[in-house]
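This report goes through a protein model, beginning with a single residue and moving out to the sheet, the helices and the core. Please keep the sequence and the structure in view while reading.

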Amino acid sequence: MENNKHYTVTIYTKNQIGMLVTICSLFTRRNISIDLLNARPSAKPGASKILIECESTESLIEAVVKQLRKRVDIISVSWSCDEDIIEI
């Protein structure tokens, strides 16, 4: 059984009504609780940047990211684990 870790998912999407609800529902369906949610316009006109922090297993995060990448209205998705960050 995998251990839960802290993950950050960064999503760039087309600026459309209901997009945030759609993205959050993907996390909810997999029983992933969102710890932090930040949505704002990106530097590119007509696009938004959504930052989500959560505790989950790597396999569940990979499944959510894979599902997000299938959507036409998602420009890009990336994720990282706090363990991947090097502290100086």
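## A starting point: lysine 5

Lysine 5 is part of strand E1. The model is a predicted one. With a relative accessible area of 28%, lysine 5 is partly exposed. Leaving aside residues up to four places away in sequence, the contacts of lysine 5 are Cys54, Glu55, Ser56, Cys81 and Glu83. Serine 56 stands 51 residues from lysine 5 along the chain, yet their C-alpha atoms are separated by 5.6 Å.

## The sheet

Strand E1 covers residues 5-14 and runs antiparallel to strand E3, residues 47-56, with 10 bridges joining the two. One residue of this pairing is threonine 8, whose bridge partner in E3 is glutamate 53.

The wider arrangement is an open sheet of 4 strands, paired antiparallel in the order E2-E3-E1-E4. Strand E2 (34-41) and strand E4 (74-81) each have a single partner strand because they stand at the edges, and so one side of each has no neighbour in the sheet. From one strand to the next, the twist averages 15°.

Threonine 10 also belongs to strand E1. Is threonine 10 buried or exposed? Its relative accessible area is 16%, and threonine 10 therefore counts as buried, the limit being under 20%. Beyond residues up to four places away in sequence, threonine 10 touches Lys49, Ile50 and Leu51, as well as Ser76, Val77 and Ser78.

## The helices

Helix H1, made of residues 19-29, lies across E1, E2, E3 and E4 and runs at about 20° to E3. Helix H2, residues 58-69, also packs on the sheet, where it touches E1, E3 and E4. The direction of H2 makes about 170° with that of E4.

The two helices also meet each other: H1 and H2 pack at an angle of about 150°, and their axes are 10 Å apart. The crossing of H1 past H2 is right-handed. Which residues make the contact between H1 and H2? From H1 they are Ile23, Leu26 and Phe27, and from H2 they are Val64, Gln67 and Leu68.

## The nonpolar core

In soluble globular proteins, nonpolar side chains tend to be buried together. The largest nonpolar core here has 18 residues, and Ile11, Ile23, Phe27 and Leu68 are those with the most contacts inside it. Two or more residues of this core come from each of E1, H1, E3, H2 and E4.

Isoleucine 11 touches Ile23 and Leu68, along with Ser48, Lys49, Ile50, Ile52, Ile74, Ser76 and Val77, when residues up to four places away in sequence are not counted. Ile23, Phe27 and Leu68 also take part in the contact between H1 and H2.

## The cysteines

How many disulfides does the structure hold? The number is 0. For cysteine 54, the nearest cysteine sulfur is that of cysteine 81, 10 Å away, and cysteine 54 is in no disulfide. Cysteine 81 is likewise in no disulfide, with the sulfur of cysteine 54 as its nearest cysteine sulfur. A disulfide would need the two sulfur atoms within 2.5 Å.

Cysteine 54 has a relative accessible area of 0% and is therefore buried. Cysteine 81 is buried as well, with a relative accessible area of 6%. Both cysteines are among the contacts of lysine 5, the partly exposed residue at which this report began.

Technical notes
Residues numbered from 1 in each chain as written. Predicted model: local features only at pLDDT ≥ 70, side-chain atom pairs only at ≥ 80, totals over all residues. Heavy atoms only, no water. Pairing = 2+ DSSP bridges. Axes fitted to C-alpha atoms, helices over the stretch in contact; angles between N-to-C directions. Contact = heavy atoms within 4.5 Å. Buried < 20%, exposed > 50% of the residue type's maximum accessible area, 1.4 Å probe, protein only. Core = buried A, V, L, I, M, F, W, Y, C linked by side-chain atoms within 4.5 Å. Left-handed = near helix turned anticlockwise from the far one by under 90°.
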